[in-house]
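Subject: Structure handover

Hi,

Here is the structure you asked for. My notes follow below it.

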Amino acid sequence: MTFLDKKDISSLLPEELCEYLSALSESTGVKIEKYRASQIFSWLVKGAADFSEMGNIPKNIKAVLEENAYITLPQIQTKLVSKIDGTVKYLFRLHDGECIESVFMRYEHGNTLCISSQAGCRMGCTFCASTLNGLSRNLLPSEMTGQVIAAQKDLGEKVSNIVMMGIGEPLDNYDNVKKFLTLVNCPDGLNIGLRHISLSTCGLCDKIRALADEKLQITLSVSLHASDSETRKMLMPVARKFELDELMDACRYYISKTGRRISFEYSMIHGKNDTPECAENLKKLLSGMLCHVNLIPLNDVKERNYTRSSREAIQRFSKILEDGHITVTVRRKLGSDINASCGQLRAGNAK
Ligand code: SAH
């Protein structure tokens with residue numbers, strides 16, 4: 001059997017693993033008792049990198065697993081720890097050599113892991129490091145849970161919140177992301193509630209609507225970054241496919257279906273989207289909507305010619321929104337000494 005024919009066993013839900021093992025038992029003639037499924041599942045959640053580590057599984061079962069399935073646990077290629085706030089940034093290596101990033105942050109409300117959903121990205125946002133070399137491939141559901149499992153194993157700490165704000169566009173990998181959400185929520189598995197998960201999108205309207213119809217309890221973040229159609233098209237190519245009006249309609253649809261507040265991400269870029277006029281437009285655009293605005297001082301990306309807005313420009317912008325009764329936070333920056341924003345390690349590694 002070649003590697004490509006092998007089963008990605010870590011993407012299976014407990015009941016799917018049960019079915020898979022029973023089929024494997026049938027086809028190989030090796031007896032695999034029903035209770036083995038939960039033993040194997042808990043090894044995977046604990047972070048076993050190889051079947052040989054599964055101490056309570058008999059040799060003959062491990063041998064058929066080895067022959068027919070594989071474990072996708074990401075390996076730590078580089079680990080950076082911030083001396084300022086303890087934020088940890090990982091560059092993980094996947095089984096085919098692709099690299100992705102995750103960032104572990106400690107907040108008062110719990111440990112948060114920012115995970116990647118794709119190796120690379122094809123959305124082309126002009127200020128973003130993750131998209132510089134395009135998309136290599138989608139991540140498997142197990143490669144998303146695997147980032148959580150690998151970080152917990154390495155740090156000996158539990159992750160309680162997940163933000164899908166690392167490399168990639170989660171809604172461009174819709175089916176795998178949906179499966180990931182079921183897997184990560186599984187009571188016998190990582191058991192992370194959907195209310196503790198945020199998914200960030202650059203604005204794929206058809207997928208926002210599909211997600212709305214799922215009525216999940218996750219928090220949806222929408223990367224807006226502009227309050228008029230022209231500026232948004234200049235910053236984000238996706239805005240040419242999905243116009244700003246269409247995006248706002250999809251957001252309203254999402255809110256009406258789920259009853260959940262949308263969090264709008266707005267990176268503050270000097271001279272591009274940070275004028276009082278931009279703030280006034282944004283105030284109008286979001287007026288009366290169940291939402292929150294996150295202002296993110298841009299992380300300067302060497303390859304791009306943008307710089308972050310001044311503190312004064314951000315304060316002025318924020319004040320205008322608050323005067324319009326829109327709740328705003330200016331994102332606190334963690335891990336500033338380790339370049340904790342995503343995409344930069346992967347890009348550096350590819351060179
Ligand atoms: N593709 C998804 C999630 C990944 S990016 C999305 O677009 O939402 C996570 C957030 O970081 C997005 O809001 C993205 O626009 C923002 N971002 C990307 N590059 C940035 C930079 N250089 N400075 C500040 N924010 C950035």
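A definition before the notes: a residue is called buried under 20% relative accessible area, exposed over 50%, and partly exposed in between. Please also keep in mind that this is a predicted model.

**Backbone outliers to look at**

Asn-191 has a relative accessible area of 47%, so it is classed as partly exposed. Its place is the loop between α5 (174–184) and β10. Phi of Asn-191 is near 55 degrees, which is positive, and the residue is not a glycine.

His-225 also has a positive phi without being glycine, near 65 degrees. This residue sits in the loop that runs between β11 (219–223) and α7 (229–235). Is His-225 buried or exposed? Its relative accessibility is 4%, and the cut-off for buried is under 20%, so His-225 counts as buried. His-225 is also listed with the residues closest to the ligand.

**The ligand site**

The shell around the ligand holds 16 residues. Closest are Gly-168, Ser-200, Ser-223, His-225 and Asn-299. Which strands supply at least two shell residues each? They are β10 (197–201) and β12 (262–268). Sorted by class, the shell comprises six nonpolar, eight polar and two charged residues.

Polar atom pairs between ligand and protein include these:

- Gly-168: a polar backbone atom lies 3.0 Å from a ligand nitrogen.
- Ser-267: an N or O atom of the side chain is 3.0 Å from a nitrogen atom of the ligand.
- Thr-201: a backbone N or O atom is 3.4 Å from a ligand oxygen.

How much of the ligand does the protein cover? On its own, the ligand has 530 Å² of accessible area, and the protein covers 89% of that.

**The cavity**

I also have results from a cavity search. Across the whole structure, one cavity of 30 Å³ or more turns up. The largest cavity contains about 180 Å³ of space. Its lining is made of 17 residues. Nearest the centre of the largest cavity are Ser-10, Leu-44, Val-45, Thr-145 and Ile-149. Two or more lining residues come from each of α2 (36–46) and α4 (141–155). Which element gives the largest share of the lining? That is α4, with four residues. By class, the lining of the largest cavity counts 11 nonpolar and six polar residues, and no charged ones.

**Two lysines**

Lys-272 belongs to the loop between β12 and α10 (276–286). β12 is also one of the strands that supply the ligand shell. The relative accessible area of Lys-272 is 36%, so this residue is partly exposed. From Lys-272 to Ser-336 the C-alpha distance is 23 Å, and the two are 64 residues apart in sequence.

Lys-79 is part of strand β3 (residues 75–81). At 37% relative accessible area, Lys-79 is partly exposed too. Its C-alpha atom is 24 Å from that of Phe-180, with the two positions 101 residues apart along the chain counted as separation.

**Where to start reading**

I would open the ligand site and then turn to His-225. That residue joins two of the topics above: it is among the closest to the ligand, and its phi is positive. The cavity can be viewed separately, starting from α4, which gives four residues to the lining.

Best wishes

Note on methods: Residues are numbered from 1 along each chain as its sequence is written. This is a predicted model: local features need pLDDT of at least 70, side-chain atom pairs count only at pLDDT 80 or more; totals for chains, interfaces and linings use all residues. Side-chain values use heavy atoms; hydrogens and water are left out. A residue is near a molecule or strand if one of its heavy atoms lies within 4 Å of it. A polar contact is a pair of N or O atoms within 3.5 Å; within protein, one must be able to donate a hydrogen and the other to accept it, and residues adjacent in sequence count only if both atoms are side-chain atoms. Accessible areas come from the Shrake-Rupley method with a 1.4 Å probe; for residues, only the protein chains shown count as cover. Ala, Val, Leu, Ile, Met, Phe, Trp, Tyr, Cys and Pro count as nonpolar, Asp, Glu, Lys and Arg as charged, and the others, Gly among them, as polar. On a 1 Å grid over the protein atoms alone, a cavity is a set of points where a 1.4 Å probe fits but cannot get out, and a pocket is an open set with protein on both sides within 12 Å along at least five of seven lines; lining residues have an atom within 4 Å of a point. Grid points are joined across faces, edges and corners, and a volume is the space filled by probe spheres set on the points. Buried means under 20% relative accessible area, exposed over 50%, partly exposed in between (1.4 Å probe, protein chains only).
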